[in-house]
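User: I have a model open and would like to talk through its contacts and sheets. Could we start with the charged pairs?
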Amino acid sequence: NGMDLLSIEVMKDDERGVLYQCGEARFIFRKKDTISANHTHADPETLYLVEGEIEMTVGDEVKILKAPIGIDIEPNIYHKVVALTDIRMVLDREGKTN
């Protein structure tokens, strides 16, 4: 019939919100006043803020960002997301693909 329906796996569900597996990307819902990331890792990533407002720290740079916006994060650089409102993001660990 041309249409296959797939279940969406919940990767993590805690007091901050929910992280969904969406193929190679991740869909993230976070509640206001929660902190995400707060780490470094070896893979580059692009974070797409599709709804809400965040305080984004990358290295020693801190910015207030409003959706819609994408943020490229280089490998091995500290980054942290503080949700200033309820937020919805898509995380692509493969980085930009253009």
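Analyst: Certainly; please note that this is a predicted model. A convenient place to begin is Glu45, which is buried at a relative accessible area of 6%.

User: Which residue forms a salt bridge with Glu45?
Analyst: The partner is Arg93, and the closest N and O atoms of the two are 2.7 Å apart. Glu45 belongs to strand β5 (residues 45–51), while Arg93 is in the segment after β10 (87–92), so the salt bridge ties together parts that are 48 residues apart in sequence.

User: And Arg93, buried or exposed, or in between?
Analyst: Arg93 counts as partly exposed, with 33% relative accessibility. Glu45, by contrast, is buried.

User: How many salt bridges are there?
Analyst: The count is four salt bridges. Among them is the pair of Asp14 and Arg16, with 2.9 Å between the closest N and O atoms. Another joins the side chains of Lys63 and Glu61, at 3.3 Å from N to O.

User: Why does Arg16 count as buried when Asp14 does not?
Analyst: The limit for buried is under 20% relative accessible area. Arg16 has 18% relative accessibility and therefore counts as buried, whereas Asp14, at 22%, counts as partly exposed.

User: What about Lys63 and Glu61?
Analyst: Lys63 is partly exposed at 45% relative accessibility. Glu61 is also partly exposed, with a relative accessible area of 43%.

User: Let us move to the sheets. Where does Asp14 sit in the strand pairing?
Analyst: Asp14 stands opposite Gly17 in β2. Strands β1 and β2 (residues 17–22) pair in the antiparallel sense over four bridges, and the two form a hairpin with two residues between them. Elsewhere in this pairing, Val10 has Tyr20 of β2 as its bridge partner.

User: What comes after β2?
Analyst: β2 is joined by six bridges to strand β3 (residues 25–30), and the two run antiparallel. Gly17 has Arg30 in β3 as its bridge partner. β2 and β3 likewise form a hairpin with two residues between them, and Gly23 in the turn has a positive phi of about 65 degrees.

User: What is the strand order in the six-stranded sheet?
Analyst: The order of this open sheet is β1-β2-β3-β10-β5-β8, with antiparallel pairing. β1 (10–14) and β8 stand at the edges with a single partner strand each, so one side of each is left without a neighbour in the sheet. The twist from one strand to the next averages 15 degrees.

User: And the four-stranded one?
Analyst: This open sheet has the order β4-β9-β6-β7, again with antiparallel pairing. Its edges are β4 (35–39) and β7 (61–66); each has a single partner strand, so one side of each lacks a neighbour in the sheet. On average, neighbouring strands are turned by 15 degrees against each other, direction ignored.

User: How many bridges pair β6 with β7?
Analyst: β6 and β7 pair over six bridges in the antiparallel sense. One of the bridge partners in β7 is Leu65, which pairs with Ile54.

User: What else does Ile54 touch?
Analyst: Leaving out residues up to four places away in sequence, Ile54 touches Leu49, Lys63, Ile64, Leu65, Ile71, Val81, Val82, Ala83, Leu84 and Ile87. Lys63 in this list is the residue that forms a salt bridge with Glu61.

User: Which residues touch the most other members of the largest nonpolar core?
Analyst: That core has 14 residues, and those touching the most other members are Leu47, Ile54, Met56, Ile71, Val81, Ile87 and Met89. At least two core residues come from each of β5, β6 (53–58), β8 (69–73), β9 (79–83) and β10. The strand that gives the most is β10, with three residues. As background, nonpolar side chains in soluble globular proteins tend to be buried together.

User: One last topic: how many aromatic pairs does the structure hold?
Analyst: The structure holds one aromatic pair. Tyr20 and Phe27 form this pair, at 5.8 Å centre to centre with 40 degrees between the planes, which is a tilted arrangement. Tyr20 is partly exposed, with a relative accessible area of 27%, and Phe27 is partly exposed at 26%. Tyr20 is also the residue in β2 that serves as bridge partner to Val10.

Terms used. Residues numbered from 1 in each chain as written. Predicted model: local features only at pLDDT ≥ 70, side-chain atom pairs only at ≥ 80, totals over all residues. Heavy atoms only, no water. Buried < 20%, exposed > 50% of the residue type's maximum accessible area, 1.4 Å probe, protein only. Phe/Tyr/Trp six-rings, centres within 6.5 Å; stacked < 30°, edge-to-face > 60°. Core = buried A, V, L, I, M, F, W, Y, C linked by side-chain atoms within 4.5 Å. Contact = heavy atoms within 4.5 Å. Pairing = 2+ DSSP bridges. Axes fitted to C-alpha atoms, helices over the stretch in contact; angles between N-to-C directions.
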